[in-house]
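Biologist: I'm new to this structure and would like a close look at one part of it, not a tour of everything. Could you pick an aromatic ring, say how open its residue is to the outside, and work outwards from there?

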Amino acid sequence: MALLLSTVIPRIKYYLCALLTVCFVVGAQAKSEQQESGPAKSGSAKGAQKSNNDKDVVLRKNGQSTVYLLSGWGKAEEPYVWYTVSAHFNAEQLAPNGKPFNLFSLSGAQDCKENHFFFYRISYMYFDTKSKALSEVFFKKSKSDILPINPETIESSVKSIICN
């Protein structure tokens with residue numbers, strides 16, 4: 001189990017960091033539906049309000065993937081706010097068990113005051129566009145270590161939205 005976590009968490013960090021790096025290098029930032037009606041820009045939480053909690057928010061988008069903050073985040077056990085980040089990949093990736101996936105979901109919680117977070121559920125899914133079938137190919141439910149929220153990261157973007 002520890003071996004699995006030691007391989008899964010670095011992969012997650014790699015995917016999230018790679019998505020963030022590509023977004024900054026290419027400069028591809030998309031507007032979400034909420035942002036078209038307001039002053040916020042993609043990848044930035046400025047202007048995003050908790051009233052937008054009923055719609056997904058695009059955090060990053062480029063030619064390879066789109067990262068979303070899924071709607072419905074909210075208070076958990078004090079002082080944490082729970083959330084789920086999802087990524088849609090335009091090409092198949094391989095889950096830790098070797099099965100292909102094109103959707104990835106990571107549920108976590110942030111302590112807004114202490115500026116740290118942890119993950120508690122990781123899900124790799126495959127959506128077949130022909131049959132319109134969605135299947136979970138791998139998941140892991142286990143609390144990660146508490147990690148700091150660093151500037152210019154997905155977690156930082158999430159914090160600026162959910163911690164208002």
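Modeller: Let's start with Tyr120, which counts as partly exposed because its relative accessibility is 29%, and that falls between the 20% limit for buried and the 50% limit for exposed. Keep in mind that this is a predicted model.

Tyr120 is part of a wider story about rings. A search through the whole structure turns up eight aromatic pairs. One of them is formed by Phe101 and Phe104, with 6.4 Å from centre to centre and 45° between the planes, which makes it a tilted pair. Both Phe101 and Phe104 are buried. Our Tyr120 pairs with Phe118: the ring centres are 6.3 Å apart and the planes meet at 55°, so this pair is tilted too. Phe118 has a relative accessible area of just 11%, so it counts as buried, whereas its partner Tyr120 is partly exposed. Phe118 has another visitor: the charged end of Lys143 sits over the Phe118 ring, 4.5 Å from the centre.

Now back to Phe101 and Phe104. Ring pairs tie these two into a cluster along with Phe89, Tyr124 and Phe138. To see where Phe104 sits, look at how the strands line up. Strand E4 covers residues 80-94, and strand E5 covers residues 100-111. E4 and E5 run antiparallel, joined by eleven bridges. In that pairing, Phe104 in E5 is the bridge partner of Ala87. The two strands make a hairpin with five residues between them, and in the turn you'll find Gly98 with a positive phi of about 85°.

Right after Phe104 in the numbering comes Ser105, also in E5. Ser105 counts as buried because its relative accessibility is 13%, under the 20% limit. What does Ser105 touch, once its neighbours within four places in sequence are left aside? The answer is Thr84, Val85, Ser86, Arg121, Ile122, Ser123 and Met125.

Val85 and Ser86 on that list lead us across to the other partner strands of E4. Val85 in E4 stands opposite Leu69, and Ser86 in E4 is the bridge partner of Tyr68. These contacts belong to the pairing of E4 with E2, which is antiparallel and has five bridges. Strand E2 spans residues 65-69, and four of its five residues are buried, so E2 is largely enclosed by the rest of the structure. Leu69 also has Val57 opposite it, and that comes from strand E1 (residues 57-61), which pairs with E2 in the antiparallel sense over four bridges. A hairpin takes the chain from E1 to E2 through three residues.

E4 has a further antiparallel partner in strand E3 (residues 74-75), with two bridges. There, Gly74 stands opposite Trp82 in E4, and the hairpin joining E3 to E4 has four residues in it.

Let's follow E5 onwards to the loop between E5 and E6. Here a disulfide joins Cys112 to Cys163, with the sulfurs 1.8 Å apart. This disulfide is left-handed, because the torsion about its S-S bond is about -70°. The link spans distant parts of the chain: Cys112 is in the loop between E5 and strand E6 (116-128), while Cys163 is in the segment after helix H3 (154-162), and they are 51 residues apart. Cys163 counts as partly exposed, since its relative accessibility is 23%. Asn164 is in that segment after H3 as well, and at 58% relative accessible area it is exposed. The C-alpha atoms of Asn164 and Cys112 are 9.0 Å apart, though 52 residues separate the two along the chain.

To place all this in the whole, the chain has three helices and eight strands, running α-α-β-β-β-β-β-β-β-β-α from the N terminus. Of its 164 residues, 43% count as buried.

Terms used: Residues are numbered from 1 along each chain as its sequence is written. This is a predicted model: local features need pLDDT of at least 70, side-chain atom pairs count only at pLDDT 80 or more; totals for chains, interfaces and linings use all residues. Side-chain values use heavy atoms; hydrogens and water are left out. Buried means under 20% relative accessible area, exposed over 50%, partly exposed in between (1.4 Å probe, protein chains only). Rings of Phe, Tyr and Trp (its six-membered ring) pair if their centres lie within 6.5 Å; planes under 30 degrees apart count as stacked, over 60 as edge-to-face and the rest as tilted. A charge sits over a ring if NZ of Lys or CZ of Arg is within 6 Å of the ring centre and within 35 degrees of the ring normal. Two strands pair if DSSP finds at least two bridges between them. Contact means heavy atoms within 4.5 Å. A disulfide is a pair of cysteine sulfur atoms within 2.5 Å.
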